[in-house]
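Dear colleague,

I am passing on the structure we talked about, and I would be glad if you could look through it with my notes beside you. Please find it just below.

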Amino acid sequence: MREKLENIQEQGIEEIQSTTNLKELEALRVKYLGKKGEITQILRGMGKLPAEERPIIGELANKVRERITKELVQSKEALDAKALEKKLSEEAIDVTMPGSKMPLGSIHPLRQSVENLEEIFISMGFKVVEGPEIETVENNFDALNAPKNHPSRDLSDTFYITEDLVLRTQTSPVQIRVMKETKPPIRVISPGRCFRNDTPDATHSPMFHQLEGLVIDKNITLGDLKGTLEVFAKSFFGAHTQTKFRPHHFPFTEPSAEMDITCFKCGGKGCSMCKGSGWIELLGAGMVHPNVLEYCGIDSEKYSGFAFGMGIDRITMAKHDIDDIRLFFENDQRFLQQFR
Amino acid sequence: MLGPKKWLENYVNIDIDAYDLRDRMTMSGSNVENIRNLSKNFKGVVIGKVEKIVPHENADKLVVVTIDIGTKNLQIVTGATNFKEKDYVPVALEGATLAGGLVIEKGELRGKVSEGMMCSHEELGISKSLIPENMKEGLWILEGQYEPGVPFDRSLALDDQILEFEITPNRPDCLNMIGLAREVAATLKTDLHYPEVKLRESAEKTEEMVTIKIDDPQGCHRYIGRILKNVKVKPSPDWLQVLLMKAGVRPINNIVDATNYVMLEYGQPLHAFDLKKIPSKKIVVKKAGEKETFRTLDNVDRKLHPQTTMITDGNKPLAIAGVMGGLDSEVDENTAEILLESANFDADRIRETSKFLNLRTEASSRFEKGVDKEVALTAINRVSQLIQTLTDCEVLEGAIDEYPAPYHPSTIELRVLKVNQLLGTRFTSEEIEKILSSLEINVVNNGDILKVTPPSFRGDLVKEVDYIEEVARIFGYDEIPSTMPEATITVGGVNPSTKVENLLKTALKAQGLYEVLTYSFVSPKSVSKIGIPYDSPLQKIIQLRNPLGEETSAMRTTLMPSMMEVLERNYKKGNATMMAFEIGRTFSKTPDGKMPLEKLKLVIGMYGEEEDFYRIKGSIEEMLKSLKIVKLDFVKEPHHPTFHPGRCANIFSQGNLLGTFGEVHPTVTENYGMENRCYLAELDFEEILEQGILTKKYQPLPKYPSILRDIAIVLRDHIEIAEIEKIFEPYLEGILESYELFDVYQGDQIDKGYKSIAYSLIYRDFDKTLKEKEVNEVHEQILKNLEENIGASLR
C-alpha cells in the first residue's frame, strides 16, 4: 500500500510536470484527485487494512494528495503565465503605424491673438466691449477731434455708406460709445474689424483688425499709460521685452505717443524684421484729449485717461513670421492647420 | 521732409553724428525714418578741368578728352556732347565705384585708352527728377571754378547726410530748415541762429511802381510784393543747385531756385512774376469768374472753380493763388524786372482748389498744411537779398504789405499742477518755463500758473494740454517714471456673447473644424450666387459708395456666400476636405435708414469624403450641447433655394428657429465651380445666445440599475425618425430614461416601401430598482403606440 502510494506520488509529479497544456493538466487532476481517482481509490480501500496501519496509510495518502495538489497548482500557474505571455506576444503591433485620429480644427490665428491680448488686459481689470463695424462719421471722426479736412476722411481712405455712415477706420469710435454710456472709472478694451480703402497687397488689406484700449479715472497720468503698456508688452512678448515711447500725433490724444518694443525676432540686435533698428513699432497711444472727454460729457478737469490702439494683424504676422497679410483672409486649410 | 545735416548746421551747432541726432530727434517728436549717406556715391570722384577735346579717329560719336585732375592729365574717351574746353566736371578715377555699382577701370574704346569716366548726375546717384533740364542728357557741368583734383563731394558739400523726417500734420512749422533746426536746438539744448537778412535798397520805391489790392480777404490773408530790377536769369551757382537737390528740389534758374531755397529755409512759398508781362502794374487778388479758364506755367489750360482765389492784374489772371503761376507772366531768360510775391493763402481754400484742379504743388501742399502768416515779410526780404547776391540786381525800396487782419496770438494759462497731474511728474514752474522758452513760446511765470503765448508758427498750440505735451516731449517720454493707475478696482472680463462664442468655437474646433475670417463686404451678386431670389430681404444689401471693386462693394446680409468662397478656394487648391466655420456680422438696413442693424451669425461649411448631411447635423448638435441646448427639433425644409430640397432642415429650439442647414443645392455648388457635395449651415447667433445656458446645474447620478430593451420595428419608409421619437418622448417623463437609434435597414429582408428600424431603450427608476413587470408594462404600451400611430410592426 505504502509502495503504491509512493509510486502514485512519483508518477503523478512526473506526469504533471511534463504536461504542456491546461486540458492535460485537468485530466491528470481527475486521474489522481477525482472521485474515481487513484488516491481516492486507495482511501476507499483503507477499510481492508489492519487497524494499526490505517492512520499511517491515511496520513501518507493525505500527504500524497497535498503534494500532488500543490504540484497541480504550480503547474497551472506556470501554464497560465506561459499562455498569457504567448497571447501578448501574438498581439504585438507596429507602433510606428499612424495613429487613428479625431482631427482637431483650429481657431484663426488672428482670433488667437485677440484671445491672448484679451486675457492679459482682463487680468489687469479691463472689460472687453464691442462696437459696430458700420459707424457714424460723428463717432469715427468728429467726436475723436479729427479736423474736418483731415485726409483720413477722404474717399480715398475711408469707405462711405452714406454721407454720415462709414465702415469704421479704427476701433477708436468704441471709446466714444463707452464714454457716452458709462461713467468713470472706465477700463475697457475693444478688439474688432476695421476698414480702409487700401488695395490688398502683402502688407495692406481693406479689412484688418485693431485692439483699442481706454482707461478713464481720476488722476490718470502719462506715467500710468507707460506703466500699463509696459506690463502688457512684457506679458505678451516676454519678460525680456523693452519698450520705448516716442512722441507722436493723433487728433484724439494729447500728449500722444507711439510705443516701440525690442524686436522679438532678434531681441534688439537688429535684423530684417526691424530693418536693423532693433525696435518694432507696436502701438499708438496717448492721454485722451480734453475735447474728446468733453464731447462725451466727461469733465476733463475732474477726470483724465489714456487710450491706445494696436494693429492685431501686424502683431500676429510678426509673431508667427507671416509675410503676407492676405493669407489671413484666404483661409487655406494648409495655412490654418499650422495654428492648431 | 528731407533735412540735410549740413544745411541744418547753418542755424544750429550739432556736435553729435547723424545717427545720434536721429535718435535724439526721434525721441523729442521728430521721427527720423532714414538717413542717407551721400558720400558713398562719390568715392574716387574728383573735379577735373577739361583741357582739350579732339575727335576720336575711329568713332564718329566719341571724343578723346584731356582732363586735368591736379596731379596729372588723364585721357578719357566719352560719348557726351554737352561740354567744352575749360569746363569743370566730375571725374570718376580708376577704382571708383559709382552709384549704380559700376566699377571704373582703365580701358580702351576703339583703340584709345580711357583712364576714367566723366560723370552725369545720374551716374552719381542723383535721382532723375532732380537733374536740371540742360544736363538731363549729358555730363554734370559745374558752374564754378575749382582746383582740379579735389574730391568732388567735399568741394560741393555733398559729403553730407540727409535725415528723412516724418512730420506729423500738426507740425507744418517743421517743414522747413529753420523749423527743423529749431527743434534740433530745443532737443540738444543749444541756440538757434537765424540768418541775417540785409538788403541794399535803391532809391526807387516799390509803391511807386505797382499797387496791390486784396479783394478776397477770406482767400488771401496777406500779400507782400517787392520789385527787383536788372536781374539776369541764369543757372544758379553750384552750391545752390546742390542744396536744392539735397532737399529734393530740381534746380531751374537762379530766380526760381532762390524762391525755392527760401521756401525750404522758412517754409514760405514765393512766386516771381516778370513785371514787364504785367503792363497794368497792378496786383488784384480776387475770386475767379464763372467758367473761367487759365493756362498754368506747365502749359495746361485749367477750368477754374468760381471759389478759386486768383492773382490778377486787375483783369487778366496771372496765377492760381498758392497753387501755380501762369505761363503768360512766367520768368524767362530775358526777364529783367521781377515782382516777387510772398503771400499767405487760406489753407481750406487752397485744399479745395488743389483738389478741384487735381493739381498739387510744393506751394499748395504747404499752404494746405498751414503757413506762418508772420514769416512772409522776412521771407521776401531774404529772397530779395539772395537774388541780389546772385545777380547783383537792384532791390527797390520798401515792400508793399497788404495784411488786412494781422496775426494776434492768444495767451492762455498753464497750471503747474495740471502739468504734473497729467504727466505724473514733479516739475517746477522754472523747469517748465525753460523747456517752453526753448521752443520760442513766450512765458510769464507767475509761480503756480504760467501765462503762455505761442510763437506765430505754432498754430497747434491752443489748449493747456498742447503745452503739456511740449513739456513732456522735450523733457523726454522715457524720463517720465512708469507707474500703474491708482487702484480703483475694476472687474475685467468678456461679455456673455464672447463667452458663448468661445464655447461654440471650442466645440467646433474639437470636431475638426477650422475657424475662418472673411471680409465683411462681398459682391452684391453673391446673394444670387447661392440661389436667393431677387425679392428676398437678403437682397436688400447695403452698398458702399466708394468700394475698391465690385467684389467688395456691399455689406453682407448672409455669411453663406463667404463660406462657399472659402470652400471653393480650398477645393480649387486641391485640399481633399475642408470643414470650416465663421462667426461674423451680417448687416441690414433699418426702417429709419440710420444705423444699420448688425447681427452675429454662425456659418458652417464642409465638404469631403466623410462629410455628409448627418456629419454637419452632428456637428451642430454637439456644438449646441456645450450650451445645454439639447432639445432640438429638425424640420424638413424643401423650399430653401440654397439647399438640396430633400436634404435641408430648419433647426428649432423651444419653438424658436436657430437656423438652417443641409446639403448645398447642386446648381449652387456648380456656381462656385465645384463638382463635389458641399454642406452649409447658417445659425442665428443671437438666438443661440438667448437659448444657451452658461451655468450648468448638476443632475444627481442614478443609484439604481437600468434595464435595456432593444426593439426592431418595420414601418413605411416615408415615415421620419422624428415621428417615432415623438412617440417615445412622453415616456421620458416616466421610467424611460433614454432611447437611441442603432440601425436602419432597407433591402432584401424587408418588403419594398418599408424600412426596419432598431432602437435601444433604457429604463430606469431613479428612486428604486425597477421590476421586470414594470418595464414590460411600459414597453408594451410603447410598442402598441408605435403600431397604432405610425403602423409599425414588430420584427
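The notes that follow go from the chains and their domains to single residues.

Please keep in mind throughout that this is a predicted model, and that the values quoted here are computed from it.

To begin with the overall layout, the domain assignment splits chain A into domain 1, covering 2–90, and domain 2, covering 109–339. The centres of domain 1 of chain A and domain 2 of chain A, taken over C-alpha atoms, are separated by 89 Å. For chain B the assignment gives domain 1 (2–38 + 161–188), domain 2 (40–155), domain 3 (201–402), domain 4 (413–479), domain 5 (496–691) and domain 6 (707–794), so you will see that domain 1 of chain B is written as two stretches, 2–38 and 161–188. Between the centres of domain 1 of chain B and domain 2 of chain B, again over C-alpha atoms, the separation is 34 Å.

Turning to where the chains meet, 66 residues of chain A are in contact with 74 residues of chain B. On the side of chain A that touches chain B, the largest share is supplied by helix H8 of chain A (residues 222–237), with seven residues. Sorted by class, the residues on that side of chain A comprise 31 nonpolar, 19 polar and 16 charged.

Within chain B, one helix pair may be worth a look on your screen. The axes of helix H14 of chain B (residues 496–510) and helix H17 of chain B (residues 613–625) come within 9 Å and cross at roughly 140°, which makes H14(B) oblique to H17(B). Their crossing is right-handed. From H14(B), the residues Leu504(B), Ala507(B) and Leu508(B) meet Ser619(B), Glu622(B) and Met623(B) of H17(B), and by class this contact has four nonpolar residues, one polar and one charged.

A single residue of chain B also deserves a paragraph, namely Asp160(B), which sits in the loop between helix H3 (152–155) and strand S10 (161–166) of chain B. Is Asp160(B) buried or exposed? Asp160(B) counts as buried, because 20 other C-beta atoms lie within 10 Å, and 20 or more is what the cut-off for a buried residue asks for. Setting aside its neighbours within four places in sequence, Asp160(B) is in contact with Pro4(B), Lys5(B), Lys6(B), Leu38(B) and Lys246(B). Asp160(B) and Asn37(B), although 123 residues apart in sequence, are 6.4 Å apart in space from C-alpha to C-alpha.

Some backbone details remain, and I list them by chain.

In chain A, a cis peptide bond with omega of about 5° joins Pro184(A) and Pro185(A), and Pro185(A) has its place in the loop between helix H7 (173–181) and strand S4 (186–195) of chain A. The peptide bond from Glu254(A) to Pro255(A) is likewise cis, with omega near -5°, and Pro255(A) lies in strand S7 of chain A (residues 253–262).

In chain B, Asn230(B) is not a glycine, yet has a positive phi of about 60°; Asn230(B) is found in the loop between strand S13 (220–229) and helix H6 (238–246) of chain B, and counts as exposed because it has 12 C-beta neighbours inside 10 Å. Lys291(B), not a glycine either, has a positive phi of about 55°. Lys291(B) lies in the loop between strand S15 (282–287) and strand S16 (293–296) of chain B, and with 8 C-beta neighbours inside 10 Å, Lys291(B) counts as exposed.

With best wishes

Technical notes
Residues numbered from 1 in each chain as written. Chains lettered and ligands numbered in written order. Predicted model: local features only at pLDDT ≥ 70, side-chain atom pairs only at ≥ 80, totals over all residues. Axes fitted to C-alpha atoms, helices over the stretch in contact; angles between N-to-C directions. Helix = DSSP H or I, 4+ residues; strand = E, 2+ residues; numbered from the N terminus. Parallel < 35°, antiparallel > 145°, perpendicular 65-115°, else oblique. Left-handed = near helix turned anticlockwise from the far one by under 90°. Contact = placed C-beta atoms within 7 Å. Nonpolar A, V, L, I, M, F, W, Y, C, P; charged D, E, K, R; others polar. Domains from an automatic or database assignment.
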